[in-house]
Amino acid sequence: MQRPCTNKQVADALGETPPRIYHHIRELERAGLIKLVYTAPHGSVIEKYYAAVALRFKLVADFSAMPEQAAVASSALVAAEEDLQTAVTQHPNQHVHIRILHESTWLNPDERRTVEDLIGQLGEIMQKSIQSGPQHSNAKPLSLLVLAHYPAD
């Protein structure tokens, strides 16, 4: 969002509930990606308005020990950024849905295989669509980036 927003405004824009978004707002603030810019009384509640600290963020990581993985990860991130910029600039008056999931957890081998299988299924769906082109008159473009990292067996 281009202007300061409350937790509720962000939730409404994303079609979610404020309690579901609250944790993410708090984590974004803790990470320094957004900041509290002002508060305003609204009845008996003080609304907090947050804004991004920058219009763009760049991921910088030290992959010097893994040059091949670094090149692949870097090119995927650059391509995703370009796709997002294209989507936003080509349709300036149209809302662009952006879904971001960032979770860190511990998985047992069966759970990790399930995640790997789901990523594989996503890849198959995308490849099939790329090869066949739009099959429906209401088809819309989709850019997908899935980044999973974990120790090799």
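Read from the N terminus onward, the protein chain follows the pattern α-α-β-β-α-α. This amounts to 4 helices and 2 strands, in what is a predicted model. Of the 153 residues of the chain, 10% count as buried. Among the contacts in the chain with a separation of 6 or more, 37% are made by residues 24 or more positions apart.

The two strands provide a starting point. Strands β1 and β2 pair in the antiparallel sense, and 8 bridges join them. Together they form a hairpin with 2 residues between the strands. In the turn, G43 has a positive phi of about 70°. Within the paired region, T39 stands opposite K48, a residue of β2.

The hairpin also carries an aromatic contact. A search of the whole structure finds 1 aromatic pair. Its members are Y38 and Y49, whose rings lie 4.5 Å apart, centre to centre, with 15° between the planes. The pair is classed as stacked, because an angle under 30 degrees between the planes meets that criterion. Y38 belongs to strand β1 (residues 34-42) and Y49 to strand β2 (residues 45-52), so the pair ties together parts that are 11 residues apart in sequence.

The two tyrosines fall into separate accessibility classes. Y49 has 12% relative accessibility and therefore counts as buried, the limit for that class being under 20%. Y38, at 40% relative accessibility, counts as partly exposed.

Beyond the hairpin, helix α3 spans residues 67-90 and includes A80. With a relative accessibility of 21%, A80 counts as partly exposed, because the buried class requires a value under 20%. A80 also takes part in a long-range approach: its C-alpha atom and that of S143 are separated by 7.3 Å, although the two residues are 63 residues apart along the chain.

The remaining feature is a pocket. Where is empty space left among the atoms? Rolling a probe the size of a water molecule over them shows this. The second largest pocket has a volume of about 310 Å³. Its lining begins, in sequence order, with M126, S129, I130 and G133, continues through P134, Q135, H136 and A139, and ends with K140, P141 and L142. By class, this lining has 6 nonpolar, 4 polar and 1 charged residues. The charged member is K140, because Lys counts as charged.

Definitions and conventions: Residues are numbered from 1 along each chain as its sequence is written. This is a predicted model: local features need pLDDT of at least 70, side-chain atom pairs count only at pLDDT 80 or more; totals for chains, interfaces and linings use all residues. Side-chain values use heavy atoms; hydrogens and water are left out. Rings of Phe, Tyr and Trp (its six-membered ring) pair if their centres lie within 6.5 Å; planes under 30 degrees apart count as stacked, over 60 as edge-to-face and the rest as tilted. Buried means under 20% relative accessible area, exposed over 50%, partly exposed in between (1.4 Å probe, protein chains only). Two strands pair if DSSP finds at least two bridges between them. On a 1 Å grid over the protein atoms alone, a cavity is a set of points where a 1.4 Å probe fits but cannot get out, and a pocket is an open set with protein on both sides within 12 Å along at least five of seven lines; lining residues have an atom within 4 Å of a point. Grid points are joined across faces, edges and corners, and a volume is the space filled by probe spheres set on the points. Contact means heavy atoms within 4.5 Å.
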